[in-house]
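Okay, thanks for coming, everyone. I'll put the structure up and then walk through a few spots in it.

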Amino acid sequence: MPPKESLIDHWRATGRITDKRLLDAFRAVLREKFVLQEYKERAYDDVALPIIEGQTISQPTTVMIMLQALELKKTDVVLEIGAGSGYNAALLSKLAKKVYTIEFLKPLADFAKKNLASCGIKNVVVIHGDGGTGYPKAAPFDKIIITAACPSVPPQLFEQLKEGGIHVAPLGQTGVQEMFTFKKIKGTISRELLGLFQFVPLRGEYG
Ligand code: SAH
């Protein structure tokens with residue numbers, strides 16, 4: 001079985017990821033287009049891989065767990081903080097209407113743009129900047145996802161989340177972080193622990 005299908009099989013068998021839309025998005029997006037040439041053979045190893053500037057493309061299982069927690073709808077407008085390779089944004093593009101993804105490091109913003117363009121993806125906007133302050137120009141968002149470890153959720157992000165919106169973020173310092181799903185209901189934020197994960201740290205004002 002090709003490595004991509006064995007990953008899908010594993011998620012199904014363990015009951016970790018069963019949503020057909022999510023699995024179809026995983027099938028549709030070629031992860032090999034988002035990794036460096038020297039890692040293409042390992043594109044479907046279930047691990048984070050180095051990209052440029054000391055950053056990483058997240059582990060497929062981690063990405064899928066985060067996407068599942070977002071309960072994405074085809075009508076959603078999504079904000080991502082930490083474009084990195086653009087891979088997560090590419091998956092989001094298949095599951096939502098429009099995606100804004102912010103990247104702090106200019107070479108990575110360019111890398112993400114190039115990778116997304118090579119897949120012909122048109123509903124993702126890559127912005128070079130500090131995502132800690134969100135993206136007020138396109139707010140409010142149905143869903144917000146942070147793919148870098150942050151000490152706490154920057155307050156602007158909750159403000160930019162719609163009523164009924166969902167936000168997923170790994171909280172903690174370097175090492176291991178606790179990933180939370182936040183829901184905004186009647187203006188109040190509730191949170192649920194998704195598990196322990198490892199991310200590169202958030203930079204900028206809220207890092
Ligand atoms: N989602 C990415 C992986 C994220 S790695 C993918 O699918 O490949 C985390 C990324 O967050 C890194 O590229 C890092 O440069 C970026 N980052 C860190 N702090 C940031 C900030 N304040 N605003 C935007 N991006 C940030």
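Let me start with burial: a residue is buried under 20% relative accessible area, exposed over 50%, and partly exposed in between, using a 1.4 Å probe and protein chains only. By that rule Lys186 is exposed, because its relative accessibility is 75%. Quick housekeeping: this is a predicted model, so local features need pLDDT of at least 70, side-chain atom pairs count only at pLDDT 80 or more, and totals for chains, interfaces and linings use all residues. Residues are numbered from 1 along each chain as its sequence is written, and side-chain values use heavy atoms, with hydrogens and water left out.

Back to Lys186. It sits in the loop between strand E8 (177–185) and strand E9 (188–197); helices (H or I, at least four residues) and strands (E, at least two) are DSSP runs, numbered from the N terminus. Its phi is positive, near 50°, and it isn't a glycine. Glu71 does something like that too, with a positive phi of about 45°. Glu71 is in the loop between H3 and E3 and is partly exposed, at 44% relative accessibility. For background, most residues other than glycine have a negative phi, and most peptide bonds are trans. On that second point, the bond joining Ala139 and Pro140 is cis, with omega about 0°, and Pro140 lies in the loop between E5 and strand E6 (141–146).

Now, buried or exposed: what about Asp76? Buried, because its relative accessible area is 3%. Asp76 is in the loop between helix H3 (60–69) and E3. Its side chain makes a polar contact with the side chain of Lys143, at 2.7 Å. By polar contact I mean a pair of N or O atoms within 3.5 Å; within protein, one must be able to donate a hydrogen and the other to accept it, and residues adjacent in sequence count only if both atoms are side-chain atoms. Leaving out residues up to four places away in sequence, Asp76 touches Glu71, Ala96, Lys97, Lys98, Asp142 and Lys143, where contact means heavy atoms within 4.5 Å.

Next, the packing. A nonpolar core here is a set of buried Ala, Val, Leu, Ile, Met, Phe, Trp, Tyr and Cys residues joined through side-chain atoms within 4.5 Å. The largest has 51 residues, and Trp11, Phe26, Leu67, Leu70, Leu72 and Leu92 touch the most other members. Another core, of 22 residues, lies apart from it, with Val77, Tyr135, Leu171 and Leu202 among them. As for helix H4, 8 of its 9 residues are buried, including Leu91, Leu92 and Leu95.

Last bit: empty space. On a 1 Å grid over the protein atoms alone, a cavity is a set of points where a 1.4 Å probe fits but cannot get out, and a pocket is an open set with protein on both sides within 12 Å along at least five of seven lines; lining residues have an atom within 4 Å of a point. Grid points are joined across faces, edges and corners, and a volume is the space filled by probe spheres set on the points. How many cavities of 30 Å³ or more does the structure hold? Just 1, and the largest cavity has a volume of about 360 Å³. It's lined by 30 residues, and Gly82, Ala83, Gly84, Glu103 and Thr147 lie nearest its centre. The largest pocket holds about 160 Å³, and its lining includes Ala48, Thr56, Phe197 and Val200.
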